[in-house]
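This report describes selected features of a predicted model. It covers a sheet, the helices that accompany it, a pair of helices and the cysteines.

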Amino acid sequence: MRLSRREFITWSVGGAFLLASGRASHAATPELSPWIRIDPDGSVHLYSSVTDMGQGSLTGQIQVLADELDVAWDAIHVEMAPDAEPFRDDGELFTGGSRSLSTRYALLRAAGATARARLLLAAANRWDVDRTQCRAELGEVVDTRSGRRLRYGELAALAAAVAAPSDASLKSRAEQRYIGKSLPPLGQADKVRGRAVYGIDVRVPGMLRATLRQCPVFGGTLVRCDDAPALAMEGVRKVVRLPSAVAVIADNTWIAFRAAQALAPEWSMPTQRSSSAAVTHRLRVALDAKDAEIAPRDTGIAARTRLRSRFAASSRRVEASYELPYLAHSPLEPMNATAHVTRDRVEVWAPTQAQTAVRNDVAKALARHVDDVVLHTTCLGGGFGRRLKTDYAVFAALVAREVDVPVQLTWTREEDLAHDFYRPASLLTCRAAIEPDGRIRGYEMVGATTDDKAFGGAGPAPYALPDFAATQSQVGTGIPVGAWRSVDASITVFAKESFIDECAHAAGANPLEYRRRLLGGNARALRLLDAVADRINWRGAKDAGRGIGLALCQGWDTLVAHAIEVRVADGRLTVLRIVVAADPGTIVNPGLVRAQFEGGALMALGAALQEEITAIDGAVVQRNFDTYRLLRMAQAPSVEVVLFESHEAKIGGVGEPPIPGVAPALVNAIFAACGRRIRKLPIRGSGLDF
């Protein structure tokens, strides 16, 4: 596969930029690319612009670069790239949307191929031979005629001085050593042995500890607080008042926790204080509001008119409403950050998904220039979209400003759950007319969502349906919302795939065969659907009370099929098996992809079964894992993952796609088992025990 000269120039220029970006310690080591540095000892440094949250994206990047550069994969060291061009994605450094590897796959291949071509040319020049006589081999260039060898480290300076050849090419699949192999995740040994540094593990000389209490009602502000109960405790250094919170700085975190609980802050409450029951009512009223948005933008209005006309005229109609609650991110590591604020510099250590946003927001909060803010990204004990927000880092900087030493601010679990940016609560109604042949030609989705709009995943793909329209209203509640793993699709696919099942039953059709007909000639999706049906024994005999449900999802350039088997007996639900088949185009590391789909299936299962955030008078009710129950080990079924590739397709993501299909496959399985159709999540509220 040939690279254009433009591509080679793009990934080979940048040494001067790197020196201007604060990495002067490597001034004596020429860079072959903005993304790569090779030291004299032959070690290779990759500058990564994304955070590894445990999903293994850094390992995948190493595998891609190692293949094209032709070095041993474990000879590559990864460093966080600076928050500057060319490392930014759409103007910022962030990690989300299943983009970590999919958007860097071609980039890293080009960067590696560029550097390899220049190393070959440098060796040829040094030996005074034709470049075609040289071959790259695991960190060395070999003269194929004489057998002479030069290490990359010996050639790096020479290679940085030569122009990239215009006729170099990417390696073929047959030449790849690492892409497609299940190599162990980078840093796994350090994590197992407790050596990995997460945000909560940061230790800086002279560091104090802190925690905070925020107004329990969203939008409230601090009126007054008597410091005396906290300051009377040994080890407490200071009480800091902030507009919406009060913080305690102490010698250690436990003292800070105890001192914060001893305080009795008084709050000014906002006018808007939402409760869950009122939110549900407002969502229902907002459906099809006059100011609602319609998608697709160009064809949605016309499609909606056709669909409504067809629905009104049909004698066979299906209409159903689906309700989803607020969800918390609930990462294992609570919100935390460490900050040191001095006259000339603001240094922040944070487990973040959003480097640019953290620097910008900390600078704004402190009225400093963004160039004054130096950010160190640590390991993350769970992200799921929560750490795309910056509040925890801003709070740490504001608290640290009050003393002349570094301060680590750690939230309690109660603060973490009560002050999240939740997945929006949503209500969606789907409707369609059943055609004489039992199929639907399209469907309409009418939804209302709190403080956001959810269009992603609502469309018919991967089904071959000619008509679709989505109408979305937004209901302001004052309860903060944000990106929750898989974002809109965790909402819309629940409604869509539940509804497809309802259409199948209304047509008197087998849900598997019904979906196969709706897919038309979509060979990729059919392959996945048939795979999960075969693995879970869809066509086999089933005992009374057992049922299997299906769901399909297409997003992030990846296709996924889920099949779930359940048993319902005497009002008790047992989830027996989950089978998931996925096709992300190209699979760089099968083991890590499989882990994403296993973990994602269980995360989504727990959310569907029992997770829910409720509010009363503007304050969240759930404050810890006794009331916000995550999936327990005893509830976890076996998860089987079947992986496919379509090399002609674009490489897709694997972090978000495991989530959306689980909830609809689960409720479809419950219907198959006992005839009970569940349209409101979590299932815990339906009366089923588990």
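## Terms of exposure

A residue is called buried when its relative accessible area is under 20%, exposed when that value is over 50%, and partly exposed in between. By this rule, Cys674 counts as partly exposed, because its relative accessibility is 38%. Cys503, at 0% relative accessibility, counts as buried.

## The seven-stranded sheet

The predicted model contains an open sheet of 7 strands. Their order is 10-11-8-18-15-16-17, and the pairing is mixed. Strand 10 (236-242) and strand 17 (373-377) form the edges, each pairing on one side only. From one strand to the next, the twist averages 20°.

At one of these edges, strand 16 (residues 346-350) runs parallel to strand 17, and 5 bridges join the two. Within this part of the sheet, Glu347 stands opposite Val374 of strand 17.

## Helices on the sheet

Helix 8 (residues 253-262) packs on the sheet, where it touches strand 8 (208-214), strand 10, strand 11 (245-250) and strand 18 (407-410). The direction of helix 8 makes about 30° with that of strand 8.

Helix 11 (residues 355-366) lies across strand 15 (336-341), strand 16 and strand 17. Relative to strand 17, helix 11 runs at about 140°.

## The contact of helix 14 with helix 15

Helix 14 (residues 489-506) packs against helix 15 (residues 511-519) at an angle of about 110°, and their axes are 9 Å apart. Angles of 65 to 115 degrees count as roughly perpendicular; the two helices are therefore roughly perpendicular to each other.

On the side of helix 14, the contact is made by Glu497, Ile500, Asp501, Cys503, Ala504 and His505. Helix 15 contributes Pro511, Tyr514, Arg515 and Leu518. The residues of this contact divide into 6 nonpolar, 1 polar and 3 charged.

## Cysteines and disulfides

How many disulfides does the structure hold? The number is 0. A disulfide is a covalent bond between the sulfur atoms of two cysteines. The cut-off applied here is a pair of cysteine sulfur atoms within 2.5 Å.

Cys503, one of the helix 14 residues that meet helix 15, has its closest cysteine sulfur in Cys430, at 8.5 Å, which is too far for a bond. For Cys674, the closest cysteine sulfur is that of Cys503, and the separation of 20 Å is likewise too far for a bond.

Notes:
Residues numbered from 1 in each chain as written. Predicted model: local features only at pLDDT ≥ 70, side-chain atom pairs only at ≥ 80, totals over all residues. Heavy atoms only, no water. Pairing = 2+ DSSP bridges. Helix = DSSP H or I, 4+ residues; strand = E, 2+ residues; numbered from the N terminus. Axes fitted to C-alpha atoms, helices over the stretch in contact; angles between N-to-C directions. Contact = heavy atoms within 4.5 Å. Parallel < 35°, antiparallel > 145°, perpendicular 65-115°, else oblique. Nonpolar A, V, L, I, M, F, W, Y, C, P; charged D, E, K, R; others polar. Buried < 20%, exposed > 50% of the residue type's maximum accessible area, 1.4 Å probe, protein only.
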